[in-house]
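Biologist: Hello! I am new to this structure and would like to know how its features get their labels. Could you show me the model so that we can talk it through?

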Amino acid sequence: MAPKRRGSTKKAPTFRRLLKTSNEKMQNKMRERKFRQRSTDKRARKEQRKLRSALRHAPPPHGASHTSGEKKSDDVEVPWDMMEGEEENYMCAVGQHSAFLDHHLAESAPPIKRRCREENPEPYEVVPRSGPTKPSRPLVHLLPIKDAAGVHPRVMERPVSQEEACEEEEAVAKSKMGKAKPRKQRVPLPFAVPPNLSETELSAWREKILNDKKRRIALLASSVLAEPHNGVQRLKELRAMLGERCVAVSVAVRRFVMLSLAELFCDIAPSYHVRPLTEAELAVKVRKDVKAIRDFEKGLVNQYRLYLEALEQVIRAWQKGTSGSKRGVAGVVSEALQGLAEVAVRCLCRLVVGLPHFNFHRNVLLLVVPLMDHRSPKIGECCCAAISKMFREDRRGESSLAATRLIAALIRKQNFQLRPEVMHVLLDLRVHDVEVQKDAGSLAPTKKDGQGGNLSRMQRKRHKAEEKLQRELLEAEATENKELKLRLQTETLNVVFLIYFRILKKSSNRNLLPPVLEGLARFSHLINVAFFDDLLMVLNKLIESENLKNRERLHCIQTAFHILSGQGEALNIDPQRFYKHMYSLLFQIHGGSSNEDIAVVLRCLDAMLLKRRRQVSMTRVLAFTVRLGALALQLQPNAALGILSTLRSLFITFSHLDALLDGEEAVGGVYQPLAEDPEQCQAQGAALWGLIALRRHFHPTVRQFSGHILAGAPTEGRGSLPSDLCRRSPLEVFESFTGGGFNPPIPNTPTTKKEHRKEKRNFVQPDFEQMLQETEANMELKEQPLDFYNALQSTNCL
């Protein structure tokens, strides 16, 4: 008999025992029980195999020896006389075969599981088995056919596009390669270029594929625009084309898809932030149209997030690739990747400007702001232009505050070593008002009508209901909250001033000083008065240092006077040192064709002399007037016109300047043109001799301006200016004549050599004595111009 199984004596666990046992413990017990059962069966089968092998090689049975008449002493005698003839013959025949014992042992042993029985096969065994085949395609149900026999349903396989067919071929090829032996040859890429094609055929093949892709992109984009609420699936299909694998057109298709998706999101995105729904809101049963809107918002936000992730992957891959040095074929791949990265940056800039209110705007800023300081000028200019446009169009201030904080973090990370264009972006911030710090009296709680310190329960409840109603009415009006806007602008301006003050005190990069000083001048009316003394002291130290250029010193002077022209008018501060610095810098102005410093000079003169006409002394005005008249001789026509326009404004504002045109009323000592202090140069004894030389200038407008000033700047009559020039400020006059040429244009000069020689023969050197005599007759002067000319001639100045 076979050994008795151990597991058969165990009883099933009771319900109480199951409650006390954990699930993991029960699983472990069942696993151990199965393992013991398998080991017991295995041991029984092993013993059976040993018995079979022993019986096959055993000696013949006792029946054979009896027939031969031989007996052994140890054998047991069988009582043959008790058996009949047929039984005896049967036992002898059976005993000669060893399979008799084997059959009985097999019956007593546990049954061995057979794989298949030929007599009664199972139904699943009859089904023929086949190897892995091509996966079946989904079926499409067609219209049935009805005839006399009845209705016959029809189905067909769904038609497969070119991309899906290529994917199926690729999957079949991979499965075949898995069965075959591995080869060292490279696996052909999907959408590989057809072999044995000429350059013309290859170009035509690529153009055909690209046109098909363009047509597909256009169809998907137009369908999304036609029905935005039902176009999320098409949007998903269009976004899937970012993974284009056709080698010939992959880069071009990805570019088109990136740009198309950027414009689509800007067009179909709602004008509000889509927030995720809570569990309570999802549990409420809503109408069908509300559910459709929710599904559209959820799908749109999901596709927008995946699109931003794709753009970020392209930019990160390009940055990682450009960090190392790669040559050869990798260089071509890096060039294509750089083109994709530039398009991705353009798309992000488009989203920064177009969707400042939509989801993930801060994530987009996190990608765009660090690229403002990129070494590629194309990418840096694109990002700076996008942030500047966002600052100009931001009406609430949330996006501006987030971008300003990111710029401050970028400056700290780069240790103040970044491009000046990043600082120029801050000049476009729309910060007009700030929250003024209130005193303790204004912060005290005030009692409103009917609201005392002790309110009853019903009154407090009514007060809360009224406040809630007011908030709902404000939301219904959909207007900007003025208090929130003021607070955001205040925080933004605090971050900007923190950036400026850090650069002034800690930065060694002098390239950042011009935009910083210009920004301080731009927002000077919003600076707290408590910082004025420290700020003016820092600006004075910067001007006196030798590391700054003339343009940076001019910016410091402009910033100082802008600070004093706003809230600083209430302070008793005399900026004498800044007048002195400006007076000494006027003769160091660049007189070349660039004229980079003239615009800053004109702004400084307007803030120093014209806007502070009541605080400035007459001695300073005379000194600056004489020096400006000499400065106009060494500048280009457009810069000279700006200086002359400033002189005209000074003559109109200060009537005492007519003494510079009249030698009889001149009083004081000898003029010292090289003195550094305008208070000590004795400008009362000087004359504007530079205007007389400008009367013979080659530019007609310069001659007109100089004659107008020499005539006393009349508003009408002889010597007056046209009305369009009178209405313009000095800076507008300078900008209108900048760019070369004449305004208005003058007739063309003779071009032939004969006419040129004729004009050269007829050219006469101007006579300075005759010029002075004509000026004396026109202005009714007597001795001063000729004496001044003789004095200059004696000192070899002419």
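Biologist: Which strand does Met156 lie in?

Modeller: Met156 lies in strand 2, residues 150-157. Strands (E, at least two residues) and helices (H or I, at least four) are DSSP runs, numbered from the N terminus. Please keep in mind that this is a predicted model, where local features need pLDDT of at least 70, side-chain atom pairs count only at pLDDT 80 or more, and totals for chains, interfaces and linings use all residues. Residues are numbered from 1 along each chain as its sequence is written, and side-chain values use heavy atoms, with hydrogens and water left out.

Biologist: Why is Met156 called partly exposed?

Modeller: Its relative accessibility is 40%. Buried means under 20% relative accessible area, exposed means over 50%, and partly exposed is in between (1.4 Å probe, protein chains only), so a value of 40% falls in the middle class.

Biologist: Which residues make a nonpolar surface patch with Met156?

Modeller: Val140 and Leu142 join Met156 in a patch of about 210 Å². Patch members have over 30% relative accessible area and no salt bridge; nonpolar side chains (Val, Leu, Ile, Met, Phe, Trp, Tyr) are joined within 5 Å, like charges within 9 Å. Areas come from the Shrake-Rupley method with a 1.4 Å probe, and for residues only the protein chains shown count as cover.

Biologist: How many aromatic pairs are there in the whole structure?

Modeller: A search finds nine.

Biologist: What makes the pair of Phe265 and Tyr307 tilted?

Modeller: Rings of Phe, Tyr and Trp (its six-membered ring) pair if their centres lie within 6.5 Å; planes under 30 degrees apart count as stacked, over 60 as edge-to-face and the rest as tilted. Here the centres are 5.4 Å apart and the planes are at 35 degrees, so the pair is tilted. Phe265 is in helix 10 (residues 250-268) and Tyr307 in helix 12 (residues 288-323), so the pair ties together parts 42 residues apart in sequence. Both Phe265 and Tyr307 are buried. Ring pairs also link these two with Tyr304, Phe358 and Phe360 into a cluster.

Biologist: And why is the pair of Phe497 and Phe501 called stacked?

Modeller: The angle between the planes is 15 degrees and the centres are 6.0 Å apart, so the pair meets the stacked cut-off. Phe497 and Phe501 are four residues apart in helix 19 (residues 482-506), about one helical turn. Phe497 is buried at 8% relative accessible area, while Phe501 is partly exposed at 23%.

Biologist: How do you know that Arg620 lies over the face of Tyr579?

Modeller: A charge sits over a ring if NZ of Lys or CZ of Arg is within 6 Å of the ring centre and within 35 degrees of the ring normal. Arg620 is at 4.6 Å from the ring centre of Tyr579. Arg627 lies over the face of Phe587 too, at 4.3 Å from the ring centre.

Biologist: What makes Lys213 and Glu244 a salt bridge?

Modeller: A salt bridge is a side-chain nitrogen of Lys or Arg within 4 Å of a carboxyl oxygen of Asp or Glu. For Lys213 and Glu244, the closest N and O atoms are 3.3 Å apart, so the pair qualifies. Both Lys213 and Glu244 are buried.

Biologist: Why is Lys611 called exposed, when Asp606 is partly exposed?

Modeller: Lys611 has a relative accessible area of 52%, and Asp606 has 28%. Their side chains meet in a salt bridge (3.7 Å, N to O).
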